[in-house]
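Trainee: Could you take me through one part of this model slowly? I would like a close look at the sheet and at what packs against it.

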Amino acid sequence: MPDTAAETRTVVVERDIPHPPQKVWRAVIQAPLIEEWLMKNDFEPVVGHKFNLRSPPQPQWDGVIDCKVLDIEPPSRLAYSWTTMGLATVVVLTLTPTGAGTHVRVEQSGFGEGHERNIKGAEWGWKSFTEKLETVVAGLA
């Protein structure tokens, strides 16, 4: 009998950053720093906190992403919902210490059938965001 459950897909982007996890963590949970590498926001590192990520509006998109902190385990894991244009996904950022710094893993899950454009956008976006994250972390004291 075929499986009738809707299949979901996940985007995973990974990057090694040559700085300790505690330093990367600061850039992941402090709103002014999040704005530098991700988007304008009203983030607070509190489970249950609802926040928005905002970027300039695009054709057919108002530039607002509705989010809610789902889990936080300092200094290694942050999970939040990510809802935009009727598509609800979950983002999990995981920081793992390495001999040379921190392995950053971003996983965005919950993409369904017909969301290929969203998947490609997430892959491109998270690669760009993690590059900016590395730059922001490098500038921290």
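Mentor: Happy to. Let's begin with the sheet itself: seven strands make up an open sheet, ordered S1-S7-S6-S5-S4-S3-S2, with antiparallel pairing. Its edges are S1 and strand S2 (40-41), each of which pairs on one side only. Please keep in mind as we go that this is a predicted model.

Now start at the S1 edge and step inward. Strand S1 (residues 9-17) is joined to strand S7 (residues 101-111) by nine bridges, and the two run antiparallel. To find your place on screen, look for Ile-17, which stands opposite Thr-102 in S7. On the next step, strand S6 (residues 87-98) pairs with S7, also over nine bridges and in the antiparallel sense. Here Leu-93 is the residue to pick out, as it stands opposite Val-106 in S7. S6 and S7 form a hairpin, with two residues between them. One step further, strand S5 (residues 77-84) is joined to S6 by eight bridges, again antiparallel. Trp-82 has Thr-89 in S6 as its bridge partner. As background, strands of a sheet pair through backbone hydrogen bonds, either parallel or antiparallel.

Next, the helices that lie across these strands. H1 lies across S1, strand S4 (64-73), S5, S6 and S7, and runs at about 160° to S6. H3 lies across S1, S5, S6 and S7, running at about 15° to S1.

These two helices also meet each other. The axes of helix H1 (residues 21-29) and helix H3 (residues 116-138) come within 9 Å and cross at roughly 115°, and the crossing is right-handed. On the H1 side, the contact is made by Lys-23, Val-24, Ala-27 and Val-28, and on the H3 side by Leu-133, Val-136 and Val-137. Sorted by character, the residues of this contact are six nonpolar, no polar and one charged.

With the backbone layout in view, turn to the charged side chains. The structure holds five salt bridges. One of them joins Glu-134 and Arg-15, whose side chains meet at 2.8 Å, N to O. Glu-134 lies in helix H3 and Arg-15 in strand S1, so this pair ties together parts that are 119 residues apart in sequence. Arg-15 has a relative accessible area of 25%, which makes it partly exposed.

Another salt bridge links Glu-107 and Arg-105, with their closest N and O atoms 2.5 Å apart. Both residues are partly exposed: Glu-107 has 23% relative accessibility, and Arg-105 has a relative accessible area of 29%. The pair also belongs to a wider group, since Glu-14, Arg-105 and Glu-107 are linked in a network of salt bridges.

Finally, look at Asp-71 and Arg-77. They form a salt bridge in which the closest N and O atoms are 2.3 Å apart. Asp-71 counts as partly exposed at 22% relative accessibility, and so does Arg-77 at 27%.

To trace it all once more on your screen, follow the strands in the order S1-S7-S6-S5-S4-S3-S2, then add H1 and H3 where their axes come within 9 Å, and end on the salt bridge between Glu-134 and Arg-15.

Terms used. Residues are numbered from 1 along each chain as its sequence is written. This is a predicted model: local features need pLDDT of at least 70, side-chain atom pairs count only at pLDDT 80 or more; totals for chains, interfaces and linings use all residues. Side-chain values use heavy atoms; hydrogens and water are left out. Axes are lines fitted to C-alpha atoms, for helices over the stretch in contact, and angles run from 0 to 180 degrees between N-to-C directions. Helices (H or I, at least four residues) and strands (E, at least two) are DSSP runs, numbered from the N terminus. A crossing is left-handed if the near helix is turned anticlockwise from the far one by less than a right angle, and right-handed if clockwise. Contact means heavy atoms within 4.5 Å. Ala, Val, Leu, Ile, Met, Phe, Trp, Tyr, Cys and Pro count as nonpolar, Asp, Glu, Lys and Arg as charged, and the others, Gly among them, as polar. Two strands pair if DSSP finds at least two bridges between them. A salt bridge is a side-chain nitrogen of Lys or Arg within 4 Å of a carboxyl oxygen of Asp or Glu. Buried means under 20% relative accessible area, exposed over 50%, partly exposed in between (1.4 Å probe, protein chains only).
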